Structure formats: C-alpha cells, structure tokens
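Trainee: I should like to examine how the terms used for this model are justified. May we take each term against its criterion?

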Amino acid sequence: MPGHPAPGTPVVCVQGLGFVGGAMAIAIASARDPGGRPRFTAIGVDLPTPLGHERIDALNAGRFPFVTGDHTLVEAAAAAHAAGNLRATSDPAVFAEADIVVVDIHLDVARADEASTIDFTGFRAAIRTIASHARPGTLVIVETTVPPGTCERVVAPELAAALRARGLREDALLLAHSYERVMPGEDYLASITNFWRVYSGHTPAAADACEAFLSQVINVTDYPLTRLASTTASETAKVLENSYRATNIAFIEEWGRFAEAVGIDLFEVLTAIRRRPTHNNIRQPGFGVGGYCLTKDPLFVGIAARELFDRPDLGFPFSEMAVRVNAVMPLVSLDRVQTLLGGTLRGKRILLMGVAYRQDVADTRYSPSQTFVEEGRRRGADVVVQDPLVTEWPELGIAVAAEPPPAHSVDAVVLAVPHRAYRAFDFSAWLQGATPIVLDANAVLTPAQRQAVIASGAALHAIGEGRRA
Ligand SMILES: NC(=O)c1ccc[n+]([C@@H]2O[C@H](COP(=O)([O-])OP(=O)(O)OC[C@H]3O[C@@H](n4cnc5c(N)ncnc54)[C@H](O)[C@@H]3O)[C@@H](O)[C@H]2O)c1
C-alpha cells in the first residue's frame, strides 16, 4: 500500500534524538520513492534517562520532541507516525536491525581559555554500543560535530575493537562522516532536506554507501552533494565553517563600539560594504552568540591538533579569540544599559526580551541572555525575562513569562533576540506613556516600531548605532 513501508524496507537507526537527531529521524522517515512509499523505516535511539525517554515518547506519539515554529516538521512527524515507519526506543539491541546508523549524539567541550579539552568517554561508549550489535555491512554515518581526525583515530579503532571482540572482521562495518547544517527555526526540516551536504568515507565503499543514502533523503538535484577525500577533511569542513562564522561575528564587535563612540550607524556602513560581492556576508553587531555549536566548534581544531595529532605547537588564536569575544559580548549591552541608567544597575529593573539563543527557537543552551541576566543580577539589577517561545529556562531554573510586565514597572528594556513575534509587537500599546530606556541590542525593531518607540517619548538606543546615543 503506498504510504506504508514495503516489507524489506531498509532500516535506519538514528542514535541521539536531540535537536539534530530528532529532526533527522523525521527527515529520513519522510523520504519517499517515486511510487510514494517510504524509502526507510526510521528508528530513533536515545539513552534510558528521563530526557531520553521524553524524546523517545514524543517520537513514538508522532510528535517532534521540541517546541518549533516549523509546522512542516510537526506535520512530517505526525505523517511518519501514521505511515508506521518512525519509532523510537532506548533498547540498543535495535541496532541489529539497522542497515544504516546515523550518529547524532552530543560531544561537549570542557571550555577553558587555554587548552580546552574533550572527554570522549560517552562518545566512545556510544560507538561501541553500535559495534556490539550491528550486523556486518551496516553503514555508520557520524553526524556529530567532532574534532578533525575523530573518525580515523577514535571511531574506527573503537569499531574495530568491538567487532574483534565479537569474532568479526575489524572492517565489517562501513564508516562515513557527513555533518549537519541543520538550522532550528522556521525552516528546520527544509534545512536538512533542501541544503548542500558534505560527506566522506573511511573507505571508498563507505563513501559510496553514504552518497547513496544521502541521495535518497536530501534533494540532491537542487543541492548536489560534495564528497571530500577523507573523513578528517569532512570533519575539518564542519569545524572550519563554524569557526569562520564565529570569527566573523566576533570581528565586528569592536567596530560596533567604535561606531557608537564616534557617532555613526554601523548598519549603514555595513550595507554599503555588502554591495561588494566579495564582502556580502560580513556580519553585524548584536547581542551575542549562543547555542550549542558556535560556542564550542572553533575550539575543536586546537583539541584535534593537541589530542589527536600530537601537534601542540599549532596555534589557533583567531578561532579561540572568537569564542572568548563572543562569550562576553552580552556584557556590552549590559554596560550600555548601566551607562544609560546613570552608572549603576543597583535597584534598577531591566526587562530582557528574548532568552533563546537565536530567533524563532525555544533552545536556551549557551544563550547569551544567560550571561546578561547573571551579570546583571550580580550588579544589583532586578532582571525580568520574557520570551514568546521559551516557557522554562532550564539553565537558570526559572519560568519565563510569555508577556512583558507593564512598561511603567521597568527602567530599561533590552531587545536581545529578533523573534518574529517581536517584530510584530505593538510598542505604542505597551508603552502607554511610560518612558523606559529602550536598547535594541540585535537589530530587532522595524523602522515603524522605532518610530513608535520614539513617538511614545522613550529613549531609543541601539548596539552598533552611535547616531542615536
Ligand atoms: N543543534 C544544532 O543546531 C546543530 C546543528 C548542526 C550540528 N549540530 C551537532 O549535532 C550534534 C548533536 O547536537 P544536538 O543539538 O542534537 O544535541 P542534543 O544534546 O540536543 O542531543 C543529543 C542526544 O543524544 C543522546 N545521547 C547521548 N549519548 C547517547 C547514546 N550513547 N545513545 C543514544 N543516545 C545518546 C542524548 O541523550 C541527547 O538526547 C552535536 O555534535 C552538535 O554540535 C547541532
């Protein structure tokens, strides 16, 4: 019957059902052959922890495990559930059913100013779990962001040892690497299926198998795949592209301060510069950089050099400085508010609008807002937070209001995240004659909203804009 998997449909296990794996499992289950039949049965695998079970239960009920503004992802989860080709479990024995395993678990960095490091224990254990159950010939695709060299020097030896212990050939599994560029947000699902992919294989056969799989999940007609020569090259591509982005953002920070000091609008300057095709992706000043990836990925190259390639002589000052600059960027906004409020935050009430790490997501991991709130409170301010998508802020252990408090109850408002909801927010109706300091820290406000704030009598300031200071 079209819509349901045919007997013998290949099984893909996705290990790790977080922001990447949860969406990837749904993307895989949504792939259809020309006759409309599912190309794969997708089985999500997570740990038997409360968090793991939450994610497993959600997928088993046909729900995406996270709040998302992407209705296509929500609908695709329900459709896959109805078609019967998406389920999830904490039982690793399921890897024995797999033709393909996609690894989407996390790999955290112990961040330090000098010499950040990674504890591979959990990651190694996850790889061993796959190798302890998978059938010979299964393709293992690592999508987790890893230090370059990890597939060759960590994953392949772990697979080999576990296979040896089973009396199997050390190369009985095919190993490939292909990294995710998924963008949680309004185009969450499409950012997996309609986007360019890079991949590589530990062997040519693994690369071919990886290509064949990706070609059935991703729209490769419009978004052709790129094969690289080795897994180390593909791992480097991921880490380098995120390091480039983080450095580009960090680089602009000092120019924002300059613009504010000399009374120019840096956004106007940047728009002029972007007319040059070679410079059209120059970043702009903002509130800060958060999320799970850009805050750690630039550290991976140094870790790889020191820990995987025994080359402690290689230095990566730009990438490491980008992480440092971005980590303290929210304090620029805090300092600005402090100055605008007369030099002290003690006893002041500040409304922070936006606690997610980026627009239109509910993810608060490594959110720059956390730095702002913690330091603001340390300096004696009463920082109240509001976000249209986040209801609980796990890192701070607090509830987050969906609506802002009355404008007359706050001394300052900081717009931190350009959520779509904020661009439609009626500031005139909210201000109602109140005149708090308004700091647009992330180019959130539309021209009409700016006019509304100014017309209400509130003082409007913006990060990167000296003109209005
Ligand atoms: N979040 C993003 O936007 C994004 C984008 C591109 C790439 N990445 C990369 O993708 C990877 C995953 O990121 P994420 O945001 O989905 O992480 P996450 O923390 O949201 O999810 C990881 C999941 O893996 C599970 N897990 C850990 N060990 C496991 C094991 N042994 N067996 C089964 N499940 C296990 C965890 O319980 C968790 O549910 C990271 O390397 C990240 O850098 C993330």
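Mentor: In this predicted model, the second largest cavity holds about 30 Å³ of space.

Trainee: What makes this space a cavity rather than a pocket?

Mentor: A cavity is a set of points where a 1.4 Å probe fits but cannot get out, whereas a pocket is open. The space of about 30 Å³ is listed as a cavity, so the probe cannot get out of it.

Trainee: Which residues line the second largest cavity, and how do they divide by class?

Mentor: Ile-249, Glu-253, Arg-257, Gln-284, Pro-285, Gly-286, Met-329 and Ile-463 line it. Four are nonpolar, two polar and two charged. Gly counts as polar, so Gly-286 belongs with the polar residues of this lining.

Trainee: How many cavities of 30 Å³ or more are there, and what is the volume of the largest?

Mentor: There are two such cavities, and the largest has a volume of about 50 Å³. Its lining has seven nonpolar, three polar and two charged residues; among the lining residues are Phe-19, Phe-66, Tyr-188, Asp-360 and Asp-363. Asp counts as charged, so Asp-360 and Asp-363 are the two charged residues.

Trainee: How do you know that helix 5 and helix 8 are in contact?

Mentor: Contact means heavy atoms within 4.5 Å. Thr-150, Cys-151 and Glu-152 of helix 5 and Thr-231, Thr-232 and Glu-235 of helix 8 make the contact, so these residues have heavy atoms within that limit. By class, one is nonpolar, three are polar and two are charged. The helix axes come within 8 Å and cross at roughly 115 degrees.

Note on methods:
Residues are numbered from 1 along each chain as its sequence is written. This is a predicted model: local features need pLDDT of at least 70, side-chain atom pairs count only at pLDDT 80 or more; totals for chains, interfaces and linings use all residues. Side-chain values use heavy atoms; hydrogens and water are left out. Axes are lines fitted to C-alpha atoms, for helices over the stretch in contact, and angles run from 0 to 180 degrees between N-to-C directions. Helices (H or I, at least four residues) and strands (E, at least two) are DSSP runs, numbered from the N terminus. On a 1 Å grid over the protein atoms alone, a cavity is a set of points where a 1.4 Å probe fits but cannot get out, and a pocket is an open set with protein on both sides within 12 Å along at least five of seven lines; lining residues have an atom within 4 Å of a point. Grid points are joined across faces, edges and corners, and a volume is the space filled by probe spheres set on the points.
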